[in-house]
Every structure is written in C-alpha cells, then in structure tokens.
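Here are some exercises to work through with the model open beside you. Try each task before reading its solution.

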Amino acid sequence: MAVYSLWTSYIDKGEKHVRGKFVRFHHVTFWVGNAKQVKESAYYYTFNCQQNMGVLNIFRHTLNKMNRLKMGEHLMKHGDGVKDIGFQVEDCDFLIKTAKERGAVIVREPWEERDGQGWVKYAVVQTYGDTTHTLIEYLSPYKGLFLPGYKEPLFRDPLLATLPPAGLNFIDHLVGNQPDDHMVPISDWYQKCSLFHWFWSIDDKQIHTQYSSLRSIKMPINKPEYVDYNGGPGVQHIALNTSDIIQAVVNLRARGMEFLSAPNMYYNALRQNLKTAKIKVKEDLDRLQELKILLDFDDKGYLLQIFTKPVQDRPTLFLEAIQHNNHSGLGAGNFKSLFEAIEKDQEARGNLTVLTPKGQSKAFN
Ligand SMILES: [Fe+2]
C-alpha cells in the first residue's frame, strides 16, 4: 500500500512540478443505486459528516440517458462506491498535457463551466480500475454552493437537525485497494503522470496478520474480500480529519455509525509500549479503549484513528476518522490491528476464506 502526498513541500526526492499544482482534495463522487437509494445514501453520508467543510456534501446531478446506462453497468460491476476523486488544481491544462504525454488516459479533455456564481475549468483522467480523478481549477472565485450548475437539495431530512455534529472537518487521505501485483504500476503511474510525491509506504511485515493482508501486498496466503466484491481495484477507505476524535466517535455512534473493534489485548500492549515512549498522550487511555479508538506514535507525536465497518451493501468501502497530534503518519503501526479487525468482521459474516497452497480458496474454520 502506498500513499502519495499532494504537497510539494514534503522532503522527498520526487520530481517537482514545473507548472501546475494539486492544491487539495476537492470532493468525492459516489455512484450509488436507484434514485431512492441515492437520496438515502446522500442522507446517510450527511448524517455522518459535518456539512460546512466540503466533505461529502451531497448534491444531485441530473444524468442524460447515455450516462445512466454507463452508471448502470458500473453499479452492476462494482456496487455502490466511489467513482471519482476530485482535486482542486492550478493550471489544469498543463497537468493534463503532462499526464497525457506520459501515457495517462484522459477521460475528458479540459472544459469550462460557469454560472452566475463563478467560472471553473475541469478535466477528467483515468486512474485504477474504473476510478477517475476530476481536476478542478477555479478561473474566478466561485461564490455558489459547490460548483456551477449544482443546486441545494429540494428536500432535507428533518432528522438531520436533531443529530449531534459529526465533527469531521476535511478529507485527510484516501486509500485505493489494488489486485495482486498492481500496486507498483499504480504507484509509478501516480508519480509519473500526476507528479505526486511518494509520501509513505508500508511493507508486508507491518501488516502481516495470521490469515490476511492487503491483496496489494505480495502475500498470497489469503483471499481478502475487497477486490472480489468490488470487481477490481477501487477506493477502499476515505479518512476524515477531526480535531476531537473522542467527541466525534461519541457523536458518530449516536448517529448510528458502526466501527470495527480492536481487541482488549491491543490496549494492553499499547499501555506497555507507552511506558517507554517519549511522548505523552493527553487523552485518557481507558476512554480510548472504551470507544475502540486506535493510537499510533513515534518519538515526536501520535495519532488517533478509528475505522468504520463497510458502509455499502458490499463489504468494500469504509470510512476512517483520524486526529493528528504532531504526527503526520497514517497509522502504519495499527495496520495489523486493522486487518485483524476486518478479518473478525469478515469471519462474523461467514466470509473469511483462505487460499490453499495450490491457490484455491477454502472456507476458514
Ligand atoms: Fe487510512
């Protein structure tokens, strides 16, 4: 698994942009089932996210017939999930020209849209599986709700106003899951075509659980669900940043969000490790344990994180809440715990299989 930084200031030896820049995550587009479900999914996500920071805000877009057919095929293959990750960029034309010269598939060449509120340039580039990236460049300040042509939903669920705030502020990172042997080509693609910088990576030693690992890591002893259920690679999780994870988790639980549970032995080991740590954790460990929040640390700081159960019908996409305390990592020290928890959840659903030495899958028991 690899994660790429959007920020050019990161001390890394990646190629620098001559022109153009990826500024930030702009939005994530979900493709989900029928119109009713679209509405319900929309409210499900609004239930779980704060509404004022551009995180998973819900806007409906009317589709023409051809796009409906395309979406239908996509849903048959992948189920509900993330179709597109949008980035705000500078110099969209240059980024697309560079990506194209380096072999990227351009789904849609740059085009412009405007309404009474502002003027925006877009382009769409293909990435892993059927996932795309939309590049968004503001050609003027945009004063509207979201982007040209989008309008407020006609109906807002009255229950929304009765729920505690989710306390999630912005997209921290996204992780794409890849089939066997696809991680390196995809990593190369991001560096070559998008000029992202290598930010962080983990190897199989860090996430080896007894039966499982990411499919993207070469350890053919397991049969994880994601790639099978998603019909190929796709976005596995979206991490949302919070400045108060304890309150966020309390509120998200009150809103009905289900989280994966770390075992008590995880907290026993954590207490032990923290005894010799150079950092001091401000939060109460008992409270973190009670809420099943995970902690990863180094000599300078720590992060707190928690993962939801899959949020779609298929066990594919899930969400993460993450709080950084002088620690810019993504929780590599927790990967083993995460995959153990995913396996426990997978097993509870009767869906944990292992690969035999001959490469056939059999039920785990
Ligand atoms: Fe994550």
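**Exercise 1. Find which residues of helix H4 (residues 183–193) are buried, and say how they are arranged around the axis.**

Solution. This is a predicted model, where local features need pLDDT of at least 70, side-chain atom pairs count only at pLDDT 80 or more, and totals for chains, interfaces and linings use all residues. Residues are numbered from 1 along each chain as its sequence is written.

Step 1: Set the terms. Helices (H or I, at least four residues) and strands (E, at least two) are DSSP runs, numbered from the N terminus. A residue is buried if 20 or more other C-beta atoms lie within 10 Å of its own, exposed if 12 or fewer, and partly exposed in between, with C-beta atoms placed from the backbone.

Step 2: Apply them. In H4, Met183, Tyr190 and Cys193 are buried.

Step 3: Look down the axis. These buried residues fall within an arc of 130° (taken from the directions from the helix axis to the C-beta atoms), so they line one face of H4. Val184, Pro185 and Asp188 are exposed on the other side of H4.

**Exercise 2. Do the same for helix H3 (residues 92–101), then list what its buried residues pack against.**

Solution. Step 1: The buried residues here are Cys92, Leu95, Ile96 and Ala99. They cover an arc of only 95° around the axis, which puts them on the same side of H3. A reminder helps: an α-helix has 3.6 residues a turn, so residues three or four places apart point the same way.

Step 2: Follow the contacts (C-beta atoms, placed from the backbone, within 7 Å). The buried residues of H3 pack against strands S3 (81–90), S4 (106–115), S5 (118–126) and S6 (132–138), and also against H4.

Step 3: Move on along the chain. Just after H3, Gly103 takes a positive phi of about 100°.

Step 4: Examine two of those strands. S4 and S5 pair in the antiparallel sense over seven bridges; strands pair if DSSP finds at least two bridges between them. A hairpin of two residues joins S4 to S5, and Glu112 stands opposite Lys121 in S5.

**Exercise 3. Trace the open sheet of five strands and name its edges.**

Solution. Step 1: The order is S7-S9-S12-S11-S10, with mixed pairing.

Step 2: The edge strands are S7 (170–177) and S10 (294–297), each pairing on one side only. From one strand to the next, the twist averages 25° (axes are lines fitted to C-alpha atoms, and angles run from 0 to 180 degrees between N-to-C directions).

Step 3: Check one pair. S11 (residues 302–307) and S12 run antiparallel, joined by six bridges, and Leu304 stands opposite Gln323 in S12.

**Exercise 4. Which residues does UniProt list for "binding site", and where do they sit?**

Solution. Step 1: The unreviewed UniProt entry lists His173, His237 and Glu320; its positions are given in the numbering used here, feature names are shortened, and annotations may be inferred rather than shown by experiment. They span 148 residues in sequence, yet no two of their C-alpha atoms are more than 9.3 Å apart, so they gather at one spot.

Step 2: Place two of them. His237 is in strand S9 (residues 234–241), and Glu320 is in strand S12 (residues 318–325).

Step 3: Count neighbours. His237 counts as buried because 22 C-beta neighbours lie inside 10 Å, and Glu320 counts as buried with 23.

Step 4: Leaving aside neighbours within four places in sequence, the contacts of His237 include Val175, Phe307 and Glu320.

Key: Contact = placed C-beta atoms within 7 Å.
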